[in-house]
Every structure is written in structure tokens, then in C-alpha cells.
Amino acid sequence: MSSSRTQSSSSSSSSSVWQHQYMKLHFFSRIRSLFKSKASSRKRDFQSSTQISRTQQYSEKVVAPPEILSKPPEDENEEVVLQRTVKKLHFGTLEEKEKAAIEIEKLSREDKNIRKLMAELGVLQVLVSMVASDISGHQRSAVMALIQLSHGTHTNKALMVNAGICSKLPKNVEVLDQSTRYGFAELLLSLSSLTSLQLPVASSQILPFLMETMNSDTTEMKCKEICLATINNLCLVLENARPLVTNGAIKTLLSLILVKDLSEKALASLGQLVVTQMGKKAMEEGSTVPKSLIEILTWEEKPKCQEYTAYILMVLAHQSWSQREKMAKAGIVPVLLEVTLLGSPLVQKRAVKLLQWFKDERNVRMGPHSGPQTSRVSSSIGSPMSPRSGEEGKNVMKNLVKQSLYKNMEMITRRGNVDLEREACRLKSSLIISTSSKSLTY
């Protein structure tokens, strides 16, 4: 009996303690909610009162236009626009897809993060399929959007190549307007900028499009410059040399080297192709070689072009008597002598090396990886192949020395005349100042 009493008393005491704690917790929670409601009501009243006072103060001066009142929030508007644009691109009509591509180009230009998001939403594949369209506006909007999506992301470029962008290039360049033609060239330049990305150069429309664009008389100069930059990027990969040569890149580049605005980039690409066996053979068969290259050596205002040209001529003349004979008949020796006197340090070295190879062939032994061995060279650089050519070389050298002396004398006299004129002006001004100061009364 005593044990049952003790158990009942302990259970009753524990229940009472639990009830007390529950009442206490309930009470404090009620108090807390009351304070919160009061604080929020005060805050609301304060905001409403300040807003009423502000509106009363500026109601007579400021009136909000209906466009601002009906404008939705910016964050919500961007999300809605992006969602609507992607939906139209996937499932819309041709006109809706064109507008969606224009909107994607705008969004990708403004926000870099959208470029990665577009790839995840499958936008690139749809835009690549639009490139093959016959509608000019449809095609142009897709190309411009792809250009923006390719900037700064290797993943997007790889996805474009995997989607077949290189096989969807137009086969007839003449039907394209200048802006679309320029857009295609810029897109190919962007795709070729990364050497780690293996483009299907041999089995795609890349090279035919580039060659036709550069050979066209209607193509603008800026578009040709971009095409040459793309060719230069493709030349960096050794495996691309064969398809470049077979698609007529050597002939096209040789036709552009005499255009001074395009010469430097064209010569840079030729310098990379001439070191290959196919490239060197194609250049040797060129009808304008070496005459056009010798002409470029005379461009004193284009030292970079002179350096590229001298390098190409060295590769062509190395271990090739027939090429050196063609160069000699075209009059390269006087030009090389002039370059050794007036050219840049690099082109001077290359010109001297070329002049060594034009010595008597009986005293020249060509090495496997360099020019003739200097130990077998008998006399000076200008040693003749025959007595007649030796006399001609001496006369040319004398004339060049005289010309250089005349130029130096002209420069010295011109500087002297300028100094005399300056001294006369100073003397005249000092006399005027002195006479004017004497005539002053103070």
C-alpha cells in the first residue's frame, strides 16, 4: 500500500511539473507573438505615415507615367524573356525562331553566364541547324548568335563542331550579302582560335568557303583579313598542310601577297606552308614565284613583309639550283645587296645568307639542314659565278655605295639647312625683341 501511494504521488508531482512548464512556455510564446505583432504594426504605421507624407509633399510635382506603373519587376521579366525565347527557338515558326536568335545574341552579349546556360538548354544545336537555311535573315541571325555564344568558352565551340557547323557552311559565297559573309568568316575565326580543337578541315566546307571568299572580287577587305587570320590559325596544325595545299591555298595566298593591306598575313601563312614538302613544291610551280617575292623585298616601308619574304626565298633556294637560277635571272642579287645596306637587322642576315648561296657552285657544298659551309668559301660574299657576272656585281656594288653616300650627304645637308634656318629664326626673333624693348618708354 505504501509503495502504491509513493508511485501515485510521484506521478502526480511529475504531471504537475510538466503542466507548469507547459503553461510557462505557452505564456512566453503568447507574449513573444504579442510583441512581434505590435512591432510589425508600428513599423507598418510608420512606413504608411512616411509614405503618405511623401506622396502629399510631391503629389503636385511628380506624376508617374503609365508605362512605369505597368512595368513588371526586372528579375521576373528576364526569366520570362529567357524562358519564352528558348521555347520559341525550339517550337516556334520560322519568324519566331529568327526573333529568338536575335534575342539570344543580345542576351549572350550582355551576360556571360547565359552562354553556358544556353548550351545546357540545347540552343546551340538548333542554331546550327538554322545556319543551313536558305532564308538570309534566318541564316544571319543564327550566325550572329553563334558568334556571341562561342566567345570565351571552349565547350560551346566543341558543341558547335559536334553539331556539324563545318559541314553546313554555304557552298556559294556570291549569294550571301556582305554582313552574312563577314559573320561566317568571324565564326570560323573564333572556332579556329583554339589549336586543341580539332576541326574537320579535310572533310568539311571550311577550306572551300575560305578560298572562295578570298578569291571573290566582291568580298570586302576586312572579310579577307579575317579569312587570312583563320588560314594562319589552321596552318599551326601540321596535319592541315595537305588539305590546305590540295584546296589551292598556295595559289590564293600568292595572289594576295602584292596587296599591301593583306600581304603580311598572307606571307605569314606561306612561311608556315613552305616548310612542308607539298607546300614548297606548290610554291615552286607558282607562275609569280620568285618575281612577286623579289618585288616585296623592295618594300622599305614594310619591314615585316621583307623578313617573311627573305625567309620564304631562303627555303626555296636551299639545295635547289633551279630555284636559285630563276631568282638570279629575275634580278635578285641587286635587290639583296640593297637590302643588306638598308633593311632591318633580321632581313640583312637573311639577305647575306642568300648572297652566300649565289656564289660559284664549285666552291659551295650544301649541308643537310643549313646553307653552304663557310669553310669552303674562298673570297668575299660577292664572289662571281663568271668574270662577266663579277664585273656586273662590282658595278652594282659601286652604284649602291654611291647611292648610299648621296643619301647620307642629302640627309646631312638637309639637317644643316634646318639648323641654319632655326638659328636665323632665333637671331631674328632676338633682334626683334631687343629693338622692341629699346623703344619702350618705361
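# Reading a predicted, all-helix-numbered chain

Modeller: In this predicted model, pLDDT stays under 50 over residues 435-442, and for that stretch the model has zero contacts beyond four places in sequence.

Biologist: What does the protein chain average in pLDDT?

Modeller: Over residues 364-385 the pLDDT is below 50, although this stretch has 45 contacts in the model beyond near neighbours in sequence. Across the protein chain, 63% of the residues score at least 70, and the average pLDDT is 76.

Biologist: How many helices and how many strands are there in the protein chain?

Modeller: Helix H10 covers residues 206-215, and helix H17 covers residues 303-317. Counted over the protein chain, there are zero strands, and the number of helices is 21.

Biologist: What percentage of the residues in the protein chain is buried?

Modeller: The protein chain exposes about 27600 Å², of which carbon and sulfur atoms supply 56%. Among contacts between residues at least 6 apart in sequence, 67% join residues at least 24 apart. Of the 442 residues in the protein chain, the buried share is 36%.

Biologist: Why is there no bond between the sulfur of Cys223 and the closest cysteine sulfur?

Modeller: A disulfide is a covalent bond between the sulfur atoms of two cysteines. A pair of cysteine sulfur atoms counts as a disulfide within 2.5 Å, and the structure holds zero disulfides. Cys223 is buried, with a relative accessible area of 1%, but the closest cysteine sulfur, in Cys227, is too far for a bond, at 4.5 Å.

Biologist: Is Thr213 buried or exposed?

Modeller: Thr213 lies in helix H10, and, not counting residues up to four places away in sequence, Thr213 touches Val173, Arg181, Thr219, Cys223, Lys224 and Cys227. The relative accessible area of Thr213 is 0%, and under 20% counts as buried, so Thr213 is buried.

Biologist: How far apart are the end C-alpha atoms of helix H17?

Modeller: Helix H17 has 15 residues, and at 1.5 Å a residue these should span 21 Å. The model agrees with that expectation, since the end C-alpha atoms of H17 are apart by 21 Å.

Biologist: Which helices do the buried residues of H17 pack against?

Modeller: Helix H17 is mostly covered, with eleven of its 15 residues buried, and among them are Cys305, Gln306, Ile312, Leu313 and Ala317. After H17 comes Gln319, whose phi is positive, near 55 degrees. The buried residues of H17 pack against helices H14, H15, H16, H18, H19 and H20.

Biologist: Is Lys291 buried or exposed?

Modeller: Lys291 is placed in helix H16, and its C-alpha is 9.0 Å in space from that of Lys326, although the two are 35 residues apart in sequence. The relative accessibility of Lys291 is 61%, and over 50% counts as exposed, so Lys291 is exposed.

Biologist: How far apart in space are Gly122 and Val86, C-alpha to C-alpha?

Modeller: Gly122 has its place in the loop between helix H5 (113-120) and helix H6 (123-131), where Gly122 is partly exposed, with a relative accessible area of 22%. Gly122 and Val86 are 36 residues apart in sequence, whereas in space their C-alpha to C-alpha distance is 8.9 Å.

Note on methods. Residues are numbered from 1 along each chain as its sequence is written. This is a predicted model: local features need pLDDT of at least 70, side-chain atom pairs count only at pLDDT 80 or more; totals for chains, interfaces and linings use all residues. Side-chain values use heavy atoms; hydrogens and water are left out. Buried means under 20% relative accessible area, exposed over 50%, partly exposed in between (1.4 Å probe, protein chains only). Helices (H or I, at least four residues) and strands (E, at least two) are DSSP runs, numbered from the N terminus. Contact means heavy atoms within 4.5 Å. Accessible areas come from the Shrake-Rupley method with a 1.4 Å probe; for residues, only the protein chains shown count as cover. The expected span of a helix is 1.5 Å times one less than its number of residues. pLDDT is the predictor's confidence in each residue, from 0 to 100.
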